[in-house]
Amino acid sequence: MKFNTETVGRDGYGDYQHSQLPNFDGAECISKDAIEQWQAEMDFQLVINRMDTEITEDHPAWIHYFEDGDAGFGEWNPEAPSADAILLSIHDTEDGPVAWWAIERTKEAA
């Protein structure tokens, strides 16, 4: 895996972007092929956490984002899928906030 470990600094809404995250030519929606090519080039497996499946309805981030309609979700601290996972992004989507993690490829995942 070719990602540098860096300090996560989230903005006022809760967004974060790793310095090595490509901009995918500014595309709002990224194709599965583009993501697969990126994973192969950087030798990692992408794991995506969704806020709406990781926290419960009584969590402050859920209440602010889904019930109060606030744009921020900074109270959500996504759970890493493994101890060596590197956080690549926390961002909003049409379906709600997600976190992208890079994990080392295994022979099964390669």
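In this predicted model, the buried residues of helix α1 pack against the strands β2, β3 and β4. The residues concerned are I35, W38, Q39 and M42, each of which is buried within α1. They cover an arc of only 100 degrees around the helix axis, which places them on the same side of α1. The face turned away from this buried side carries the exposed residues D33 and A40, and the helix is followed by D43, whose phi is positive, near 55 degrees.

The sheet on which this helix rests is open and consists of 4 strands in the order β1-β3-β4-β2, with antiparallel pairing. The strands β1 (16–17) and β2 (44–50) stand at the edges and have a single partner strand each, so one side of each is left without a neighbour in the sheet. For β2, the pairing with β4 is antiparallel and extends over 7 bridges, and L46 is found opposite A102 of β4. Helix α1, which spans residues 32–42, packs on the sheet by touching β2, β3 and β4, and its direction makes about 130 degrees with that of β2.

Among the residues of α1, Q39 deserves a separate description. With a relative accessible area of 13%, Q39 falls under the 20% limit and therefore counts as buried. A polar atom of the Q39 side chain lies 2.8 Å from the backbone nitrogen of L46. When residues up to four places away in sequence are not counted, Q39 touches F44, Q45, L46 and R105.

The nonpolar interior was examined next. The largest nonpolar core has 15 residues, and those with the most contacts inside it are M51, W76 and I90. At least two residues of this core are supplied by each of α3 (60–67), β3 (86–91) and β4 (98–104). A second core of 13 residues is separate from it and includes F24, I35, W38 and L88; of these residues, I35 and W38 belong to the buried set of α1 described above.

Within the largest core, W76 was considered in more detail, as one of the residues with the most contacts there. Leaving aside residues up to four places away in sequence, W76 touches R10, N49, R50, M51, E54, I55, H59, A61, I90, P97, V98 and A99. This list includes M51 and I90, which are the residues named together with W76 for their contacts inside the core.

Terms used. Residues numbered from 1 in each chain as written. Predicted model: local features only at pLDDT ≥ 70, side-chain atom pairs only at ≥ 80, totals over all residues. Heavy atoms only, no water. Core = buried A, V, L, I, M, F, W, Y, C linked by side-chain atoms within 4.5 Å. Buried < 20%, exposed > 50% of the residue type's maximum accessible area, 1.4 Å probe, protein only. Contact = heavy atoms within 4.5 Å. Pairing = 2+ DSSP bridges. Axes fitted to C-alpha atoms, helices over the stretch in contact; angles between N-to-C directions. Arc of directions from axis to C-beta. Polar contact = N/O pair within 3.5 Å; in protein donor to acceptor, adjacent residues only side chain to side chain.
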